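Visitor: I would like a close look at a single part of this chain, the nonpolar core and the charged pairs that go with it. Please take me there by way of the whole, and keep the description careful.

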Amino acid sequence: MRKSVFSLFILIFWIPAVILSFLVWNDYSGYVRSAADRLHPVKALYYLDQGKKVIAVMDSSNGLMATLYDAGTHKAEQEVELRSDIHRQQLVSYQAGKLVIATKDKAGLQVNVIDPAGGAKELVQGSFNIPTFLSSDGHEWRGRLLFAGADKSSAVHVAEVSQAQLHYANLNGSAGLPARPVSIREAFFSFQEEHSLPVYEVGLKDGRTAYASALFGKDGIPLLGLKGAQESAPEAQKRVGQEFAAQFGLDNTRLLRVSSEYPKQVHYYNETAGKWGEAVKTPEPVYQSRLFPLNDQETLIAGSTTEDEIKGTLRGYLYHGQTGEFTNVNAALKTLSYDQLQDPKLSFYKEANNDTLYYSSPDSLGGWLLVKEGLSGQISNGELQQWQMAAGEDQLSAATFKNYVLTWNALVVNWVIWLAIPLLMVAGLLWLPQLLIRKRWQKLAEGVLIQGTVINLAETGMLVNEQPQVRLTVRFTDQGQSKEVQIKQVISYLNPIRPGDQVMISYNRSKHKAILVRESELKNQAPPRIIHDAVLRQMKACGPVNRGQALLLHFETAGQSYSVPVVQPSGFVYRTGERADLIITSGNARLLKYGPAERSDQATQLTLEAEITRVQRLPVKIAGQDLLLLEIVIVNRKERLRKVNSQFVPENLEVTVGAVVPVTAKPEEVALQSRLLQGKQGSASVRSVDYRGTTGDRPLATITVERGGQSYRIRQSIEPVYGVEAGDDLWIAYDERTGEATIVNYAT
C-alpha cells in the first residue's frame with residue numbers, strides 16, 4: 001500500500017515536473033537568443049575622460065552597480081558595486097578627473113571614487129553615519145560633497161569630499177565649542193538658496209547654539225562660531241555666515257541669483273546688505289534663467305533666448321566670478337529642451353581649470369562639452385541599453401537563467417507550481433493558522449472598540465466547517481453619529497446571534513469596515529483607561545532639556561498614585577494641587593489634559609496616520625523611559641503636515657524612521673494648520689506668550705507675534721522641548737486677512 005502511494009506521488013508531482021523542466025530549458029535558450037529584445041533600465045549616465053568613457057548606474061542586488069563603458073567600442077570594462085539601501089539615493093561630483101559617487105546603506109555612508117581606467121576606491125567604508133536620508137544629510141555644493149550626522153555613540157561629525165579626498169571632523173573634540181555638541185542640522189535655507197557658503201547649526205549640551213562651516217578650513221577643520229545671547233537665529237546665522245565667508249576669502253556682495261520677476265534674469269545680489277543689484281550683462285540676454293554653480297569660481301547661466309521661452313531656443317554662458325568673463329556653451333544645450341533644462345534632476349559639473357563641462361539627467365541622458373574646442377557628445381538611456389549586450393545577456397549563465405525565471409511567463413509559473421506544491425503543502429499546514437491570527441490582530445489594532453446592536457442578519461449561503469456564514473448589520477454610535485456596518489461572520493448553531501443582541505466590534509473609521517471581537521480578545525486587549533481629576537501632589541526635577549526642565553509628576557486619586565514624566569518649557573509651570581486627566585495605556589500613565597485647558601473629548605478627535613521621518617534620542621531617562629524627539633509627517637487625506645513631537649517611551653521599545661504610528665488631533669486644529677500652510681510664510685518676532693493648561697503633555701499657548709508691523713495670533717499646543725518665549729523669532733505660516741498664524745519652525 002505504501003509503495004503504491006509513493007508511486008502515485010511520483011506520478012502526480014515529479015513526472016510533470018521533469019517534462020516541464022525540459023520545456024523550460026528550451027524556452028530559456030530561446031530567451032537568451034532574443035536578448036537584444038530586452039533592455040535593462042539605466043538610472044543615471046555620466047561621462048568621463050572628455051567623453052571617452054561612460055559610467056552607467058543601474059540597480060543591483062546590493063543596491064546599485066556602476067558599469068564603466070568605452071564610449072568608442074561600447075564594451076563594458078569594469079563594474080563597481082555601490083552599496084545602497086532601498087531608497088537608491090546617490091550624490092555625484094567630478095573631482096581630480098574622477099567620478100565621485102556617494103550612496104548610503106545600513107552601515108552608513110559609502111563614497112566611491114571611479115577613475116577613467118576603471119579603478120575604484122571607497123573612501124568612507126561605512127564608518128560615517130547618516131541618521132536619515134542621503135538627500136537630507138548630504139549635499140553636492142560647487143563640486144564638493146558635504147555631509148553631517150551623528151554616530152551610535154552620539155558623536156557629532158561633519159565630512160567634506162574634495163579633490164577625491166575625504167576630510168572628516170568630530171566636533172565633540174573641538175576646542176572651539178564651550179560645551180559638547182548633541183545635534184547638528186542644516187542652518188535655515190543655508191543649502192537651498194545661493195549663499196556664499198553653506199553652514200550647519202550645532203546644538204550644544206548647555207542649550208546654546210553654535211554654527212559650523214560646511215567647508216573645511218586650511219587647518220583641516222570647519223570654522224566655528226557661537227550664537228549671541230541676544231541674537232535671533234536668523235541674525236546669528238547671517239553674522240556667522242559673513243564672518244566665515246571673510247575667512248575663506250569669499251565675496252558675498254556680488255552673488256548670483258535669479259530674480260523671481262518676469263522675465264527671470266540673473267542679477268547680482270549683496271548678501272551682506274540684503275539688496276538686489278543690476279542684471280548680469282551676459283553677451284546676449286538670457287531669460288527664464290536657471291543657475292548651476294559648478295566650482296568656486298564658475299557658474300553656468302542657462303535659459304531662453306526670448307522672454308517667452310516657447311518662442312526661443314536655449315542659450316548658456318559660463319560666468320567666471322573672479323575675472324567676470326563669459327564663455328559661450330550653447331553647444332552643450334543644443335540637444336536639450338527648455339523643459340529638460342528646468343528639470344530639478346538635471347545637473348551640470350565642471351572642475352576648475354578643466355575644459356570639460358559634463359551634464360546628467362537621471363533616467364534620461366548624459367552629455368559633455370569641450371568648452372574651448374566646442375566638441376560635444378550626448379547619450380540617452382535608450383542608447384546605453386543597447387550596449388548592455390556586451391555584459392553577457394546573450395550567454396547561457398546562472399545570471400541570465402535567474403533573469404529568465406523572473407519573467408514569470410506561463411511556462412515558468414507552471415514549472416514553479418509543480419516544484420513548489422509539496423513544499424507549499426507542508427508550509428501551509430505549519431504557517432497558515434499563524435498568518436490568519438496575525439492578520440486578525442492587525443485588523444483589531446487598526447480599529448476602535450465600540451459596542452453595537454445587531455439589527456439584521458441574513459445567511460450568505462456559504463458553509464464553513466458545516467457552520468453557516470451570515471451577514472450581520474450592526475448599528476452603533478461613533479463620534480456622536482449613528483452608523484451601520486455589515487460584517488460577514490461564521491456562527492455556531494450552539495451559540496447563535498439574533499437581532500437585538502449587543503456585540504463588541506473593532507471599527508476601522510478610514511475604511512468604514514468592522515469585525516466582531518471575541519471575549520478572549522477583549523481580555524487580551526484592554527482599552528485605554530481614562531482617569532479624571534487626578535491631583536498633582538509632588539514633582540521631581542530630572543535635569544534640563546534645552547530651555548526646559550524634565551520632571552516626574554506624581555498624581556493621586558481614589559487612593560491610587562500615578563507617575564507621569566513630562567518636559568516643562570520655560571514660562572510654563574506645573575503646580576502641586578492642580579488637577580489633570582490621565583490616560584493609562586499598557587500600564588503607563590500619560591497626561592490627557594492638565595489645568596484649565598478644554599477637556600479632551602476622545603470621541604471628537606481625529607485619528608490620523610503619521611510617518612516618523614527622524615528620531616533624536618535626548619539625554620534624559622525617567623523611570624525606565626527615554627525621551628525621544630520625533631519628526632513626523634501626518635497624512636490627512638491628500639495633505640502632509642510636518643510636526644515635531646517629543647515623547648517618553650520605554651527604553652526597550654525600538655522606534656525607527658519610516659514607522660507609521662497613529663496620532664490624535666482636534667479636527668479644527670488640523671483644518672486651521674492645513675489652511676495656513678497653503679498661504680504665506682515668514683519670520684515673526686514673539687511679543688507675548690500666555691499658557692493655559694495642556695492638551696496631552698503639550699502646553700496650550702496663545703502667542704502674539706509681529707511681522708512687518710502687523711500682529712498675528714497663534715493658538716496651538718507647542719513642543720515643550722523647544723518652548724516659546726517673548727523675543728523669540730519663529731518661522732510662521734500666516735493669513736494677513738484674519739490675523740491667524742501657526743508655527744512652522746521654532747527658535748533655536
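Guide: The accessible surface of the chain comes to about 38800 Å², and 51% of that surface belongs to carbon and sulfur atoms. The model is a predicted one, and in it buried residues make up 45% of the 748 residues of the chain. Its secondary structure consists of ten helices and 46 strands, and of the contacts in the chain with a separation of 6 or more, 49% are accounted for by residues 24 or more positions apart.

Turning to the core, the largest nonpolar core has 46 residues, and those with the most contacts inside it include Phe-555, Tyr-574, Leu-582, Ile-703 and Val-724. Strand β34, residues 548–557, gives the largest share of this core, namely five residues. Val-724 repays a closer look: leaving aside its neighbours within four places in sequence, Val-724 is in contact with a set of residues that includes Ser-570, Val-686, Val-689, Tyr-691, Ile-703, Ile-718, Leu-730, Ile-743 and Tyr-746. Arg-547 is also among the contacts of Val-724, and this arginine leads on to the charged pairs.

The side chains of Arg-547 and Asp-728 meet in a salt bridge, with 2.9 Å from N to O. This pair links distant parts of the chain, since Arg-547 sits in the loop between β33 (529–545) and β34, while Asp-728 sits in the loop between β44 (710–717) and β45 (729–735), 181 residues apart. As for exposure, Arg-547 counts as partly exposed because its relative accessibility is 34%, whereas Asp-728, with a relative accessible area of 9%, is buried.

The structure holds 23 salt bridges, and two further pairs can be set beside this one. Lys-680 forms a salt bridge with Glu-736, the closest N and O atoms being 3.2 Å apart. Lys-680 lies in strand β42 (residues 680–695) and Glu-736 in the loop between β45 and β46 (740–745), so this pair ties together parts that are 56 residues apart in sequence. Both partners are partly exposed, Lys-680 at 47% relative accessibility and Glu-736 with a relative accessible area of 42%. Elsewhere, salt bridges that share partners join Arg-144, Glu-160 and Asp-296 into one network. In the other pair, Lys-621 forms a salt bridge with Asp-626, and the closest N and O atoms of the two are 3.9 Å apart. Here Lys-621 counts as exposed, at 52% relative accessibility, but Asp-626 is buried, with a relative accessible area of 8%.

Two other places complete the picture. On the surface, Leu-406, Trp-408, Val-413 and Ile-417 form a nonpolar patch with about 370 Å² of accessible area together. Leu-406 is found in the loop between α7 (398–405) and α8 (410–446), and this leucine counts as exposed because its relative accessible area is 51%. In another loop, the one between β7 (108–114) and β8 (120–122), lies Pro-116. The C-alpha atoms of Pro-116 and Leu-99 are separated by 8.4 Å, the two residues being 17 residues apart along the chain. Apart from neighbours within four places in sequence, Pro-116 is in contact with Leu-48, Asp-49, Lys-53, Leu-68, Glu-77 and Gly-97.

Notes. Residues numbered from 1 in each chain as written. Predicted model: local features only at pLDDT ≥ 70, side-chain atom pairs only at ≥ 80, totals over all residues. Heavy atoms only, no water. Patch = residues over 30% accessible without salt bridge, like charges linked within 9 Å, V, L, I, M, F, W, Y side chains within 5 Å. Areas by Shrake-Rupley, 256 points an atom, 1.4 Å probe, with all protein chains shown as cover. Salt bridge = Lys/Arg side-chain N within 4 Å of Asp/Glu carboxyl O. Helix = DSSP H or I, 4+ residues; strand = E, 2+ residues; numbered from the N terminus. Buried < 20%, exposed > 50% of the residue type's maximum accessible area, 1.4 Å probe, protein only. Core = buried A, V, L, I, M, F, W, Y, C linked by side-chain atoms within 4.5 Å. Contact = heavy atoms within 4.5 Å.
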